[in-house]
Amino acid sequence: MGCVLIKQEKIYEDHVVLAAQTHFSLEEVKTLSELFRKLSCSICNDGFISREEFQLGLFRDSRKQSLFSDRMFKLFDSNNDGLIDFGEFIRTLSIFHPDASQAEKIAVAFKVYDLWQRGFIGREETFEEADSKGGGKIDIEEWNSFAALNPSLLKNMTIPYLKDITAAFPSFVLNTEENDDIYKDF
């Protein structure tokens, strides 16, 4: 099930680079590597998070199907290879960080609502109120205006615990001095 898709070569990104490119500190990236490791080996110990492992992490059930989990998995799996690698995991989580900009959150929320990834949100995907141009679809400009007028749309785009992951989830904190060699690949 979770091991059907296995990459030939795992490529792990440097923690320092990921910290510089995201809203996480180096210590938080190291802490999140432990969470990633736990998720990525929950069904198959291959160093990637499969769709089933992602669903298991969200719902504690790898068989539970939902539009939400499918959309979120696609959001995390930015290269569309069916697996989430460590860099994708950190970069996507960074969007949900309290320090991520409103513009970042609006752009990602647009991607989530654009079910068919056509560059616009159609009638079947959301409501008429946002279609200010009356064209039967919502483009990114209309979405930006709508999100600015309806900040509750972005409420779920922030995970407050990410502000200080080490305090929120102390069980993921590693003794980095002793364990840096063990987890340097993540």
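The protein chain in this predicted model has nine helices and two strands. Read from the N terminus, the elements follow the order α-α-α-α-α-α-β-β-α-α-α, with the two strands placed after six helices and before three others. The chain holds 186 residues, and 42% of them count as buried. Its exposed surface comes to about 10300 Å², of which carbon and sulfur atoms supply 53%. Among contacts between residues at least 6 apart in sequence, 55% join residues at least 24 apart.

## Two pockets

Rolling a probe the size of a water molecule over the atoms shows where empty space is left. The two pockets below are compared by volume and by the residues that line them.

| Pocket | Volume | Lining residues | Nonpolar | Polar | Charged |
|---|---|---|---|---|---|
| Largest | about 1000 Å³ | 32 residues | 24 residues | four residues | four residues |
| Second largest | about 340 Å³ | 18 residues | four residues | five residues | nine residues |

The largest pocket has a volume of about 1000 Å³. Of its 32 lining residues, Leu-58, Phe-68, Met-72, Leu-93 and Ile-159 are the closest to the centre. Five helices give two or more residues to this lining: H2 (26-40), H3 (51-59), H4 (67-76), H5 (86-95) and H6 (102-113). The lining contains 24 nonpolar residues, with four polar and four charged ones.

The second largest pocket has a volume of about 340 Å³. Lys-74, Leu-75, Asp-77, Ser-78 and Lys-111 are the residues of its lining that lie nearest the centre. The elements that supply two or more residues here are H4, H5 and H6. Helix H5 gives the most, with five residues. This lining has nine charged residues, five polar ones and four nonpolar ones.

## Helix H4 and its cover

Helix H4 contributes to the lining of the largest pocket and to that of the second largest. Which residues of H4 are buried? They are Ser-69, Arg-71, Met-72, Phe-73, Leu-75 and Phe-76. An α-helix has 3.6 residues a turn, so residues three or four places apart point the same way. The cover over the buried residues of H4 includes H3, H5 and H6. Two of the buried residues also appear in the pockets: Met-72 is among the residues closest to the centre of the largest pocket, and Leu-75 is among those nearest the centre of the second largest.

## Phe-89 in helix H5

Phe-89 belongs to helix H5. Is this residue buried or exposed? Phe-89 counts as buried because its relative accessible area is 5%, and the cut-off for buried is under 20%. Apart from its neighbours within four places in sequence, Phe-89 touches Leu-32, Leu-35, Phe-36, Leu-39, Ile-49, Phe-76 and Ile-84. One of these, Phe-36, is 53 residues away along the chain, yet the two C-alpha atoms are separated by 7.6 Å. Another, Phe-76, is one of the buried residues of H4.

## Cysteines

A disulfide is a covalent bond between the sulfur atoms of two cysteines. How many disulfides does a search of the whole structure find? The search finds zero. Why does Cys-41 form no such bond? The closest cysteine sulfur, in Cys-44, is 9.6 Å from the sulfur of Cys-41, which is too far for a bond. Cys-41 itself is partly exposed, at 29% relative accessibility.

## Residues in the loops

Most residues other than glycine have a negative phi, and most peptide bonds are trans. Two residues that are not glycines have a positive phi. Asn-80 has a value of about 55°, and Gln-117 has one of about 50°. Asn-80 sits in the loop between H4 and H5 and is exposed, with a relative accessible area of 56%. Gln-117 sits in the loop between H6 and strand S1 (121-122) and is exposed as well, at 53%.

The loop between H6 and S1 also holds Gly-119. With a relative accessible area of 45%, Gly-119 is partly exposed. Setting aside its neighbours within four places in sequence, Gly-119 is in contact with Phe-110 and Asp-114. The C-alpha atoms of Gly-119 and Lys-137 are 9.8 Å apart, and these two residues are 18 residues apart in sequence.

Terms used
Residues are numbered from 1 along each chain as its sequence is written. This is a predicted model: local features need pLDDT of at least 70, side-chain atom pairs count only at pLDDT 80 or more; totals for chains, interfaces and linings use all residues. Side-chain values use heavy atoms; hydrogens and water are left out. On a 1 Å grid over the protein atoms alone, a cavity is a set of points where a 1.4 Å probe fits but cannot get out, and a pocket is an open set with protein on both sides within 12 Å along at least five of seven lines; lining residues have an atom within 4 Å of a point. Grid points are joined across faces, edges and corners, and a volume is the space filled by probe spheres set on the points. Helices (H or I, at least four residues) and strands (E, at least two) are DSSP runs, numbered from the N terminus. Ala, Val, Leu, Ile, Met, Phe, Trp, Tyr, Cys and Pro count as nonpolar, Asp, Glu, Lys and Arg as charged, and the others, Gly among them, as polar. Buried means under 20% relative accessible area, exposed over 50%, partly exposed in between (1.4 Å probe, protein chains only). Contact means heavy atoms within 4.5 Å. Accessible areas come from the Shrake-Rupley method with a 1.4 Å probe; for residues, only the protein chains shown count as cover. A disulfide is a pair of cysteine sulfur atoms within 2.5 Å.
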